[in-house]
Amino acid sequence: MPSRVADAPNETALIEIQGLTKRFGAFTAVDNVSFAVRRGEVLGFLGPNGAGKSTTMRMLAGFMIPTAGTARVQGHDVQNDSVAARRVLGFLPEGAPTYPEMSVEGFLRFCARIRGFSGAELADRVDHALGLTTLQGVRLQPVETLSKGFKRRVGLAQALLHDPPVLVLDEPTDGLDPNQKHEVRGLIERMAPEKAIVISTHILEEVDAVCTRAIIIAGGRIVADATPAELEQHHPSGRLEDVFRALTMPEAA
Amino acid sequence: MTKTLVIASRELHAYFATPVATVFIVIFLVLQGALTFNLGQFFDRGQADLNAFFTFIPWVFLLLIPAITMRLWAEERRLGTIELLLTLPITQGQAVLGKFLAAWAFFAIALLLTFPFVIAVNILGSPDNGVIASGYLGCLLVAGAFLSVGAAMSAVTRNQVIAFVLAVAICFVFAVASNPIVNDFLAHNLPALAEFTRRIAVIDRFTDFTRGIIALRDVIYFATFIGFFLFLNTVLVDQRKAD
């Protein structure tokens with residue numbers, strides 16, 4: 001696949017999910033979900049709490065084992081070729097977990113070392129990630145002393161460290177103030193042409209702002225998969241919020 | 001292997017970044033010293049060896065090692081960092097081995113800090129330092145065995161208290177399996193089992209080391225023991241990581 005031209009129209013999707021299902025006992029958290037994301041796409045993953053967003057993302061990152069179905073990242077099956085899939089993936093887990101006693105720089109250096117960087121390249125990667133997420137001012141602070149917004153950006157920096165072709169970000173702007181949200185959205189937009197990006201969010205305006213496509217999931221099933229503009233036409237008011245309510249409320253009741 | 005060592009080094013630094021390391025090492029040295037000098041009658045015996053020291057150390061390990069290992073995986077789950085760690089491009093085996101090596105290195109450091117005992121017997125008499133060295137090797141292997149049990153138990157449950165109690169219980173079974181009380185009882189009632197428990201017992205093997213005997217079968221025993229529990233640990237992490 002490296003020989004393919006980046007903007008070729010028939011390029012294989014960087015993320016391919018087929019019939020992905022996850023059951024916990026009798027409860028089906030994710031039910032036969034299929035979609036593909038190509039380079040240049042920013043997919044907004046929407047849905048009420050408990051709809052299966054994080055579970056789908058965890059399966060995509062190889063953290064949860066699907067009950068059925070397959071997920072591929074740049075052609076690598078997340079179960080059979082797990083390490084290769086994770087090498088080309090940048091993943092921000094829900095809640096942006098980090099080791100509290102480590103400094104921001106120490107944490108990023110650890111992640112970079114695991115990803116096989118060393119010496120000057122490692123320092124460059126860490127500096128670059130700190131720059132992208134504007135964390136230079138707190139690089140030596142222990143993560144536990146940082147505010148929620150900073151912690152979230154540390155998690156984001158970790159996901160961007162190796163400049164992965166595929167980014168899966170679970171609520172990347174949660175806990176950020178409006179200025180920081182604006183910055184992160186700008187960052188995602190700038191990276192978008194080179195990558196396939198999936199973000200989950202509760203903030204519908206974000207979908208309009210950065211996503212080229214949106215999937216709404218409710219009760220573990222995909223109930224809509226379209227561009228934000230197309231989705232808005234689903235409801236007479238033309239507001240994404242009303243479309244979201246109309247599509248997800250029956251499941252919630 | 002590099003990735004395993006990166007994980008191990010991060011873990012080891014984490015011990016010393018928090019008060020865990022200091023508190024643990026101080027308690028270990030005080031407890032081990034008190035047991036050796038008082039209960040072990042180090043001075044009254046009038047012998048230049050570390051037998052009293054080696055007699056008590058597995059029991060101190062039995063109590064303290066599960067206290068270190070109970071947080072190994074439970075803490076990763078509590079912080080959510082398990083999701084981060086296991087979505088980095090490493091195998092679960094590397095993560096398990098890295099954590100184990102860090103804990104083992106930590107115990108090696110704690111053991112090294114018991115050097116005043118060695119100096120003391122060398123000043124007071126002329127001990128067989130070869131026997132002492134082999135005893136220390138035995139200590140390290142017992143620590144490794146108990147650590148591997150504790151680490152696996154930490155992966156069983158996200159509750160640290162349960163992980164601690166399970167680890168103590170299992171280590172205790174392996175520790176007393178060769179005890180005459182247990183063995184005589186089994187020999188009378190279940191002769192087949194008595195033979196088996198003597199073979200799997202940790203203390204008998206350890207005693208060989210404290211007598212200065214480094215037998216290949218004992219080394220293989222410890223390697224198998226640790227290998228088995230690390231494998232169990234990997235399976236448990238795989239099965240339960242997302243619970």
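## Helix packing in chain B

Helix axes here are lines fitted to C-alpha atoms over the stretch in contact, and angles run from 0 to 180 degrees between N-to-C directions. With that in hand, and bearing in mind that this is a predicted model, take helix α8 (residues 129–156) of chain B. Its axis lies 8 Å from that of helix α13 (residues 216–240) of chain B, and the two pack at an angle of about 15°. Angles under 35 degrees count as roughly parallel, so that is what α8(B) and α13(B) are. As for handedness, α8(B) passes α13(B) in a left-handed crossing.

Who touches whom? On the α8(B) side, the contact residues include L141(B), G144(B), A145(B), S148(B) and A152(B). Across from them, α13(B) brings in, among others, F222(B), F225(B), I226(B), F229(B), L230(B) and R240(B).

## A second partner for α8(B)

Helix α9 (residues 160–176) of chain B also packs on α8(B), at an angle of about 145° and with the axes 8 Å apart. This crossing is right-handed. From α8(B), the contact uses F146(B), V149(B), G150(B), M153(B), S154(B) and V156(B); from α9(B), it uses A163(B), L166(B), A167(B), I170(B) and C171(B). V149(B) and V156(B) are worth a click, as they meet α9(B) and also belong to the set that meets α13(B).

## What sits around α4(B)

Helix α4 (residues 71–79) of chain B has these buried residues: L72(B), W73(B), A74(B), E76(B) and R77(B). Their cover includes α8, α9 and α13 of chain B, along with α3 (51–69), α5 (81–85) and α6 (92–112). Right after α4(B) comes G80(B), with a positive phi near 80°.

## Strand β8 in chain A

Over in chain A, is strand β8 (residues 196–200) mostly covered or mostly open? Mostly covered: five of its five residues are buried. A196(A), V198(A) and S200(A) point one way, while I197(A) and I199(A) point the other.

β8(A) has parallel pairings with two strands. One is with strand β3 (residues 42–46) of chain A, over four bridges, where F45(A) stands opposite S200(A). The other is with strand β7 (residues 166–170) of chain A, over five bridges, and there D170(A) is what stands opposite S200(A). To get from β7(A) to β8(A), the chain runs through helix α6 (residues 178–191) of chain A, making a right-handed β-α-β crossover.

Conventions
Residues are numbered from 1 along each chain as its sequence is written. Chains are lettered from A and ligands numbered from 1 in the order in which they are written. This is a predicted model: local features need pLDDT of at least 70, side-chain atom pairs count only at pLDDT 80 or more; totals for chains, interfaces and linings use all residues. A residue is buried if 20 or more other C-beta atoms lie within 10 Å of its own, exposed if 12 or fewer, and partly exposed in between; C-beta atoms are placed from the backbone. Two strands pair if DSSP finds at least two bridges between them. A crossover is right-handed if, with the strands pointing away from the viewer, the path from the first strand over the helix to the second runs clockwise. Angles under 35 degrees count as roughly parallel, over 145 as roughly antiparallel, 65 to 115 as roughly perpendicular and the rest as oblique. A crossing is left-handed if the near helix is turned anticlockwise from the far one by less than a right angle, and right-handed if clockwise. Two residues are in contact if their C-beta atoms, placed from the backbone, lie within 7 Å.
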